[in-house]
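Here is a walk through one protein model, from a helix contact out to the overall fold and then to the pockets. Keep the 3D view open while reading.

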Amino acid sequence: MNVLIVHAHNEPQSFNTALKDTAVTELERGGHEVKVSDLYAMNWNPVASGADFGSRANPDYLVYALEQRHNYEAGTIADDIREEIEKVRWCDLLILNFPIYWFSEPAILKGWIDRVMISGVFYGGKRIYDRGGMRGKRAMVTFTLGGREHMFGPDAIHGEIESMLRPLLQGTLAYCGFDLLPPFVGYHVPYISPEGRAQILADYRQRLNTVERLQPLRFSSMDDFDDRLMPKREAQVL
Ligand SMILES: Cc1cc2nc3c(=O)[nH]c(=O)nc-3n(C[C@H](O)[C@H](O)[C@H](O)COP(=O)(O)OP(=O)(O)OC[C@H]3O[C@@H](n4cnc5c(N)ncnc54)[C@H](O)[C@@H]3O)c2cc1C
């Protein structure tokens, strides 16, 4: 399996970096080929702008998604974006590795998504969910947070952890057609004992050894929706 890890932490000695390094070691030990995009080390530019395009389908008015499509096809999209797109196309498993910032991913990773997951390649028209551009590939998010495990769940103070990350899990990865594995979560990481953190790394090694067998989460299937994306059953009742 080809694996791309997109790593977003600003401290090379961080626990997140230990998770990333654990994944590289464990996956390579299992015979997989691994590439890492270390966004802070790459000084990744997260800002989606007209500077990403070497030519313009419409020079008078920037429609970012339309120019993504045009410039990728024309070979004029910025080199840093093209290189990341080719890495994602190469991989069978995409891992996003990051600390939670404000119930979400850090801005540098959000900017990677905005610039790399382009219209035309990752999604487009009705090429979404199980017809998305990335169908056949797996994805997993690995993240840490300050919060404790009991703060997440159906009746917990912050609600379900998958709801917290719905824009990333559903609105981005599942939307683009990835088979999305359950997230791997390191709770309360800055406040637990070194042994507690060692246990998280051990649990992660186990998880990495199951990524090829794990059952993906369930999201909408395009087969259940009509041409207007109305639920087929409901459309019949109307
Ligand atoms: C802007 C911002 C917003 C945030 N928003 C939220 C939020 O919405 N919800 C929330 O819950 N949290 C939030 N946090 C907290 C944040 O998610 C956590 O601080 C972060 O996930 C901890 O992970 P880390 O990799 O940065 O840990 P680090 O601080 O890097 O590491 C924690 C400890 O692990 C040690 N360590 C490093 N390597 C190893 C190793 N190999 N083995 C054992 N120990 C090791 C380090 O020395 C350190 O003592 C926010 C933080 C910021 C800065």
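**Helix contacts, fold and pockets**

Start where H2 meets H3: Tyr64, Asn71 and Tyr72 in H2 touch Ile81, Arg82, Ile85, Glu86 and Arg89 in H3. By class, the residues of this contact are four nonpolar, one polar and three charged. The model is a predicted one.

Now look at the geometry. Two packed helices are described by the angle between their axes and the distance between the axes. Helix H2 covers residues 64-74, and helix H3 covers residues 79-90. Their axes come within 12 Å and cross at roughly 80 degrees. Angles of 65 to 115 degrees count as roughly perpendicular, so H2 is roughly perpendicular to H3.

H3 also packs against helix H4, residues 107-116. Here the axes are 9 Å apart, and the angle is about 90 degrees. That makes H3 roughly perpendicular to H4 as well. On the H3 side, the contact uses Asp80, Ile81, Glu84, Ile85 and Val88. Trp112, Arg115 and Val116 answer from H4. This contact divides into five nonpolar and three charged residues, with no polar ones. Ile81 and Ile85 of H3 appear in the contact with H2 and also in the contact with H4.

Step back to the whole chain. The protein has eight helices and six strands. Along the sequence they run β-α-β-α-α-β-α-β-α-α-β-β-α-α. How compact is the protein for its length? Its radius of gyration is 19 Å, and the globule rule gives 18 Å for 238 residues. The two values are close, so the protein is as compact as a globular protein of that length. Taken along the principal axes, the C-alpha atoms fill a box of roughly 55 × 50 × 35 Å.

Next, the pockets. The largest pocket holds about 210 Å³ of space. Its lining has 14 residues. Which of them lie nearest the centre? They are Asp130, Asp179, Leu217, Phe219 and Ser220. The full lining splits into seven nonpolar, three polar and four charged residues.

The second largest pocket has a volume of about 160 Å³. Its lining draws on several parts of the chain: His9, Ser14, Phe15 and Asn16, then Pro99 and Ile100, then Thr144, Leu145 and Gly146, and finally Val189 and Pro190. Six of these lining residues are nonpolar and five are polar. No charged residue lines the second largest pocket, whereas the lining of the largest pocket includes four.

Conventions. Residues numbered from 1 in each chain as written. Predicted model: local features only at pLDDT ≥ 70, side-chain atom pairs only at ≥ 80, totals over all residues. Heavy atoms only, no water. Axes fitted to C-alpha atoms, helices over the stretch in contact; angles between N-to-C directions. Helix = DSSP H or I, 4+ residues; strand = E, 2+ residues; numbered from the N terminus. Parallel < 35°, antiparallel > 145°, perpendicular 65-115°, else oblique. Contact = heavy atoms within 4.5 Å. Nonpolar A, V, L, I, M, F, W, Y, C, P; charged D, E, K, R; others polar. 1 Å grid on protein atoms, 1.4 Å probe; cavity = no way out; pocket = protein on both sides within 12 Å on 5 of 7 lines; lining within 4 Å. Points joined across faces, edges and corners; volume = space filled by probe spheres on them. Rg over C-alpha atoms; globule rule 2.2 N^0.38 Å.
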